[in-house]
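Please walk me through this structure, from one of its sheets to its cores and then to the chain as a whole.

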Amino acid sequence: MNAIKILTAGTLATVQDTGRIGHQGEGLPNSGVMDNFAYQIGNALVGNCPSDNSASIEFAITGGKIQFLSQTIVALTGARALVKRNDEVVSQDMPILVKENDVLDFTQITQGRFIYLSVAGGVQVPTRMGSRSTSLSIKLGGFDGRSLGQGDVLPILSLTEAWPRLQPKLSPQMPNQLVSLTTRHKIRIVDGPESDWFSNKDWEKLLSQAFHLGKHIDRMGYRLDGPEINAKAENLLSEANMNGAIQISRDGQPIILLADRATHGGYPVIAKVMTADLGILAQWPQDQPIFFEKVAISDAWEMTAEMDRFIKGVYQSHPWETLLPVRIMANKIKLFF
């Protein structure tokens, strides 16, 4: 049986991919991973093409413990944890060969908030409206629309099924110094749709003073504590909510909308966290102050493109092939002769 079994799910474990894109106008949340860079790196390490939108398991706050019911190749990316395969300590940000009945234990997260288990071929839950992501608020997608629990068994592919189109690479390699948990001293932002609703004084507060994560932080969004920021006194019609939008609530405190945000809202949006920094924000330490840095939209697009190029480079280096069993590799080579 090609499957994985959840032994420990931790605080919150869900099946996620890049999200249910294109249905927000129908009232369906996008959902998807909180740290897209870590998720994409994990899938690239195990041979899943970036365009395939393969499903991974996202563990929040505390990691998990998984038993493998068949041989496969996996990777753990994002938050840092002590990782053991059976009794052996193994590394993150590397492809890991697991055999039938092996147990992977990463219950203790030491840095960051979200850790991703990626598996060759992706987790094979049904696709719902173009995505395998779990939307907990409407019980859609993922594993029966819910978070994972002890004893859940999720189907995966065999290695030969996972890579039907794979062309063998003669010299697979690992990128140098690959770390999927990226950190910065500042979160980079661009203008939001209501950026002109705020005075220069309020913009100065946003860009020069420290904010901290408040008590209310989850997959829907992070509420911040910091200096009071005030928008001009006008009514705002509800508008579509963006991932990373920095809304200013009536009490003058920012709320950064994230993966499980509502589809629309009515608070003015002063700025948006650029896409390349959303994962950095998602992993932000509770006790570390947040500072914002404004960048041009063109620069934000280029930084996102650079991140995509890096992920593509990891995939094209075929790092997983260093672990392929000889029989499977030989069968792949036969396809070309």
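Which strands does helix H3 lie across? Helix H3 (residues 200-208) lies across strand S12 (186-191), S19 and S20, and runs at about 115 degrees to S20. Helices (H or I, at least four residues) and strands (E, at least two) are DSSP runs numbered from the N terminus. Axes are lines fitted to C-alpha atoms, for helices over the stretch in contact, and angles run from 0 to 180 degrees between N-to-C directions. Contact means heavy atoms within 4.5 Å.

This is a predicted model, in which local features need pLDDT of at least 70 and side-chain atom pairs count only at pLDDT 80 or more, while totals for chains, interfaces and linings use all residues. Residues are numbered from 1 along each chain as its sequence is written, and side-chain values use heavy atoms, with hydrogens and water left out.

The three strands under discussion belong to an open, mixed sheet of seven strands, in the order S13-S14-S17-S16-S19-S12-S20. Strand S13 (212-217) and strand S20 (291-294) stand at the edges with a single partner strand each, so one side of each has no neighbour in the sheet. On average, neighbouring strands of this sheet are turned by 35 degrees against each other, direction ignored. Strands pair if DSSP finds at least two bridges between them. S16 (residues 245-248) and S19 (residues 269-273) pair in the antiparallel sense over three bridges, and Ala-245 stands opposite Lys-272 in S19.

Next come the cores. A nonpolar core is a set of buried Ala, Val, Leu, Ile, Met, Phe, Trp, Tyr and Cys residues joined through side-chain atoms within 4.5 Å; buried means under 20% relative accessible area, exposed over 50%, and partly exposed in between (1.4 Å probe, protein chains only). The largest nonpolar core has 33 residues, of which Tyr-222, Ile-270, Ile-290 and Phe-292 touch the most other members. Elements giving two or more residues to this core include H3, S12, S16 and S19; helix H4 gives the most, with four residues. Leaving aside neighbours within four places in sequence, Phe-292 is in contact with residues including Ile-187, Leu-206, Leu-224 and Ile-246. A second, separate core of 30 residues includes Ile-6, Val-15, Val-74 and Ile-156.

As a whole, the protein has six helices and 20 strands. Buried residues make up 53% of its 337 residues. Among contacts between residues at least 6 apart in sequence, 77% join residues at least 24 apart. The C-alpha trace spans about 70 × 40 × 35 Å along its principal axes.
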